[in-house]
Amino acid sequence: MAPDPNRFAKRLFAGIAPQYERMGALLSLGQDRRWRRFLVSKTNAVPGSWTLDVAAGTQLVCRELAARKNVRVVALDQSEPMLRAGREPNRLAGLDDRIHAVLGQAEHLPFEDQAFDAVTFTYLLRYVEDPAATLRELARVLRPGGSIAMLEFHVPHAPLARAGWWIHTRVLMRLLGTAVSPAWARTSAFLGPNVSRFVGAHPMEEWVHWFQHAGIRHVRTRTFLFGSAVVLRGVKGK
């Protein structure tokens with residue numbers, strides 16, 4: 001029987017929640033904040049409206065949305081430890097009244113059709129059984145004309161950049177993760193091969209098709225760090 005990606009992800013993230021934000025910055029060479037800011041900049045939600053952030057984790061994107069866009073955010077994640085780890089940063093930022101955590105799965109959102117003015121999600125599609133169906137479910141709760149944007153890791157195309165990415169993900173990340181904790185040792189050993197397998201099985205052109213088949217129009221892509229990360233975004237058709 002094939003492993004359940006949701007169950008695997010819950011186990012994976014439960015052990016790394018306390019250090020997630022600090023380690024995310026280290027493993028991305030300090031670039032993760034730039035990626036999140038670009039993701040948030042491509043949402044078209046107006047102040048006071050509701051945005052859904054899926055795979056919210058410790059709510060890094062939620063805080064960016066609430067602070068920069070002045071919106072109310074529902075932070076959905078299937079990992080209770082990750083959501084719990086975001087409570088204190090939300091409070092310290094003075095944003096806990098605008099961020100509402102909900103435990104749930106992206107494949108079965110507990111919301112009505114067209115409930116949100118914008119949808120964002122990060123590092124999600126590698127952990128679901130059917131990415132195309134998950135995109136359709138995310139689009140279901142988005143109002144027509146609303147924006148949807150995702151951030152995901154990728155593999156550089158250029159040979160030199162790809163070689164550097166391989167050394168970083170297979171060697172340096174593993175050394176750093178091993179130095180932090182057994183949970184991070186497992187995570188850092190898993191991440192690079194997982195991204196390689198996902199991108200090998202589903203090239204970026206397929207990601208764009210998932211968006212389009214879910215009713216998303218004007219799909220655009222933007223890569224970062226020589227192609228190591230990508231933001232896809234679009235608008236739900238009316």
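This briefing describes the strand pairing, the nonpolar core, two of the helices and the salt bridges of the structure shown above. The structure is a predicted model, and every value below was computed from it. Its largest nonpolar core has 75 residues, and the count of salt bridges comes to 12.

**Strands β6 and β7**

- Strand β6, which covers residues 216-224, runs antiparallel to strand β7, which covers residues 229-236, and seven bridges join the two.
- Within this pairing, Thr 221 stands opposite Leu 232 in β7.
- The two strands form a hairpin with four residues between them, and in that turn Leu 225 has a positive phi of about 50 degrees.

**The nonpolar core**

- In the largest nonpolar core, with its 75 residues, those that have the most contacts inside it are Leu 52, Phe 121, Leu 124, Leu 125, Ile 148, Trp 207 and Phe 211.
- Helix α9, made up of residues 182-201, gives the most to this core, contributing seven residues.
- Ile 148 also illustrates how separate parts of the chain come together, since residues up to four places away in sequence are not counted and Ile 148 still touches Val 119, Phe 121, Leu 135, Leu 138, Leu 142, Phe 211, Ile 216, Leu 232, Arg 233 and Gly 234.
- As a general background to such a core, nonpolar side chains in soluble globular proteins tend to be buried together.

**Helix α9**

- At 1.5 Å a residue, the 20 residues of α9 should span 28 Å, and this agrees with the 29 Å that separates the C-alpha atoms at its ends.
- The helix nevertheless bends by about 30 degrees at Leu 191, and a proline, Pro 193, follows within four residues.
- Both Leu 191 and Pro 193 are among the buried residues of α9, which also include Trp 184, Phe 190, Asn 194 and Phe 198.

**Helix α3**

- In helix α3, which covers residues 32-41, the buried residues are Asp 32, Trp 35, Arg 36, Phe 38, Leu 39 and Val 40.
- These buried residues of α3 pack against α2, α4, β4, β5, β6 and β7, and the hairpin strands described above are therefore part of their surroundings.

**Salt bridges**

- Arg 63 and Glu 21 meet through their side chains in a salt bridge, with a distance of 2.7 Å from N to O.
- This pair links distant parts of the chain, as Arg 63 lies in helix α4 (residues 60-69) and Glu 21 lies in helix α2 (residues 20-27), 42 residues apart.
- Arg 63 counts as buried because its relative accessibility is 11%, under the cut-off of 20%, whereas Glu 21 is partly exposed, with a relative accessible area of 25%.
- Arg 68 forms a salt bridge with Glu 64, and their closest N and O atoms are 4.0 Å apart.
- Both of these residues, Arg 68 and Glu 64, lie in helix α4 and are four residues apart, which is about one turn of the helix.
- Arg 68 is partly exposed, with a relative accessible area of 39%, whereas Glu 64 is buried, with a relative accessible area of 9%.
- Arg 68 and Glu 64 also belong to a network of salt bridges that links them with Arg 33 and Arg 37.
- Arg 126 and Glu 152 form a salt bridge between their side chains, at 2.9 Å from N to O.
- This pair again links distant parts of the chain, with Arg 126 in the loop between β4 and α7 and Glu 152 in strand β5, 26 residues apart.
- Arg 126 is buried, with a relative accessible area of 8%, and Glu 152 likewise counts as buried, at 1% relative accessibility.

Terms used:
Residues numbered from 1 in each chain as written. Predicted model: local features only at pLDDT ≥ 70, side-chain atom pairs only at ≥ 80, totals over all residues. Heavy atoms only, no water. Pairing = 2+ DSSP bridges. Core = buried A, V, L, I, M, F, W, Y, C linked by side-chain atoms within 4.5 Å. Buried < 20%, exposed > 50% of the residue type's maximum accessible area, 1.4 Å probe, protein only. Contact = heavy atoms within 4.5 Å. Expected span 1.5 Å × (residues − 1). Bend = angle between axes of the 7 residues up to and from the residue.
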